[in-house]
Protein chains: 2
Amino acid sequence: MNKYEQLKLENQLCFPLYVCSKEIIRKYKPFLSKINLTYTQYLVMMVLWENDKINLKTLGEKLFLDSGTLTPVLIKLEQKGYVKRQKNKIDERNLIVEITKNGSLLKEQAKNIPKSLSQCIPISNEDAYNLYIILNKILKNINKEKDTSLID
Amino acid sequence: MNKYEQLKLENQLCFPLYVCSKEIIRKYKPFLSKINLTYTQYLVMMVLWENDKINLKTLGEKLFLDSGTLTPVLIKLEQKGYVKRQKNKIDERNLIVEITKNGSLLKEQAKNIPKSLSQCIPISNEDAYNLYIILNKILKNINKEKDTSLID
DNA sequence: AGTAATTAAATTGTGTACAATTTAATTAGA
DNA sequence: TCTAATTAAATTGTACACAATTTAATTACT
């Protein structure tokens with residue numbers, strides 16, 4: 001085994017992760033375009049379907065996205081009439097994102113998307129379960145070094 | 001279990017895939033910036049470190065990227081002096097991408113990146129192995145429906 | 001109270017990603 | 001052989017994604 005073995009594309013772990021992510025998001029497109037959403041917009045709506053109101057910072061922490069990404073996405077969702085954006089009266093640095101009636105109605109139209117998608121992804125139930133567990137384990141720890149740096 | 005259960009963010013499989021992919025690519029940045037590459041550029045270079053020459057179409061198939069993405073990436077790599085782009089004399093529709101001497105020298109500087117990265121990702125060897133297997137299984141089959149549609 | 005430090009969004013600039021279209025070259029078919 | 005169909009890149013337009021900076025509001029400190 002030569003010293004460059006780990007540089008081969010086929011030995012990468014991140015590469016198939018990156019490709020699977022992109023390819024699965026691509027599979028969402030025909031379903032999401034029916035309700036006029038992109039994948040990122042869909043993620044925001046999923047959060048709002050669970051919590052009517054949320055501030056941008058908290059939303060960003062849930063979705064692992066910053067204001068640089070979310071601000072334009074939220075402006076578009078507002079233009080589509082699915083969310084409302086307003087400053088927090090108590091602390092005007094905070095932006096409160098609130099779902100509208102039309103935004104809530106969209107949930108009904110979206111409810112079968114997860115099942116439709118699962119039929120597009122070639123994976124056994126067992127693999128899907130293991131994948132889910134492993135990925136969430138990674139996510140739980142991926143940015144932990146920030147915490148330890150506070151201790152040092 | 002209500003009819004919207006599968007719409008919850010925490011029940012998604014694609015979302016943690018998408019986040020892990022992004023977060024791991026972010027971990028690459030400090031290492032890649034030392035050799036003046038982005039992650040996408042690094043993927044191209046990994047292919048070229050294995051094959052000195054490749055045409056754009058084949059490169060795109062390996063990386064799951066199209067000419068719309070690769071053309072500007074290759075132009076940047078050419079400006080950095082790591083690749084050369086030239087038309088195939090036999091069939092001028094084909095673009096041949098060839099690694100330069102400087103591009104080859106970069107391999108030596110990159111050889112420890114995989115190990116550095118693996119130390120940044122909080123995952124056991126067993127989970128990493130299983131993840132690798134599952135993701136590659138998905139990739140192998142993800143765009144197969146194109147083939148079956150040819151049969152129908 | 002008044003200034004400094006901190007915080008949260010928005011903005012700016014760079015770099016993908018990809019669908020759709022265009023351009024140019026090659027191949028297939030009448 | 002000449003035209004139609006096909007192929008491969010490049011181009012165009014839209015939408016993230018994120019680092020870095022800016023702006024505005026709040027909090028901490030003297």
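This note goes through a predicted model in numbered points, taking the two protein chains, the helix α1 and the surfaces near the DNA strands in turn.

1. Relation of the chains. Two copies of a chain are related by a rotation about an axis and a shift along it. Here a turn of 180° with a shift of 0.0 Å along the axis lays chain B on chain A, at an RMSD of 0.0 Å. That is the relation of a two-fold axis.

2. Interface. Of the interface residues of chain B, 100% are also interface residues in chain A, so the copies meet through the same surface.

3. Helix α1 in chain A. The end C-alpha atoms of α1(A) are 31 Å apart; this agrees with the 30 Å that its 21 residues should span at 1.5 Å a residue. The helix has a kink of about 35° at Tyr28(A), shortly before the proline Pro30(A). After α1(A) comes Asn36(A), with a positive phi near 60°.

4. Helix α1 in chain B. With 21 residues, α1(B) reaches 31 Å from its first C-alpha to its last, close to the expected 30 Å. A bend of about 35° lies at Tyr28(B), and the proline Pro30(B) follows within four residues. Asn36(B), just after α1(B), has a positive phi of about 60°.

5. Surroundings of strand C. There are 28 residues around DNA strand C, and those that come nearest are Tyr18(A), Arg26(A), Ser67(A), Thr71(A) and Thr38(B). Of the strand C atoms that come within 4 Å of the protein, 79% are accounted for by sugar and phosphate. The residues of this surface comprise seven nonpolar, 10 polar and 11 charged.

6. Polar contacts of strand C. In chain A, an N or O atom in the side chain of Lys22(A) is 3.3 Å from a phosphate oxygen of DNA strand C. Lys57(A) instead places a polar backbone atom 3.2 Å from a phosphate oxygen of the strand. From chain B, a polar backbone atom of Glu92(B) is 3.1 Å from a phosphate oxygen of DNA strand C. The elements giving two or more residues to the surface near strand C are α1 (14-34), α3 (56-63) and α4 of chain A, together with α2 (39-50) and α4 of chain B.

7. Surroundings of strand D. Around DNA strand D there are 28 residues, of which Thr38(A), Tyr18(B), Arg26(B), Ser67(B) and Thr71(B) come nearest. Sugar or phosphate holds 79% of the strand D atoms within 4 Å of the protein, and bases hold the rest. By class, the residues of the surface near strand D are seven nonpolar, 10 polar and 11 charged.

8. Polar contacts of strand D. A side-chain N or O atom of Gln41(A) is 3.1 Å from a phosphate oxygen of DNA strand D. Glu92(A) has a polar backbone atom 3.0 Å from a phosphate oxygen of this strand. For Arg93(B), the partner is a sugar or linking oxygen of DNA strand D, 3.1 Å from a backbone N or O atom of the residue. Two or more residues of the surface near strand D come from each of α2 (39-50) and α4 (67-79) in chain A, and from each of α1 (14-34), α3 (56-63) and α4 (67-79) in chain B.

Notes
Residues numbered from 1 in each chain as written. Chains lettered and ligands numbered in written order. Predicted model: local features only at pLDDT ≥ 70, side-chain atom pairs only at ≥ 80, totals over all residues. Heavy atoms only, no water. Near = heavy atom within 4 Å. Polar contact = N/O pair within 3.5 Å; in protein donor to acceptor, adjacent residues only side chain to side chain. Nonpolar A, V, L, I, M, F, W, Y, C, P; charged D, E, K, R; others polar. Expected span 1.5 Å × (residues − 1). Bend = angle between axes of the 7 residues up to and from the residue. Least-squares fit on C-alpha atoms with pLDDT ≥ 70 in both. Contact = heavy atoms within 4.5 Å.
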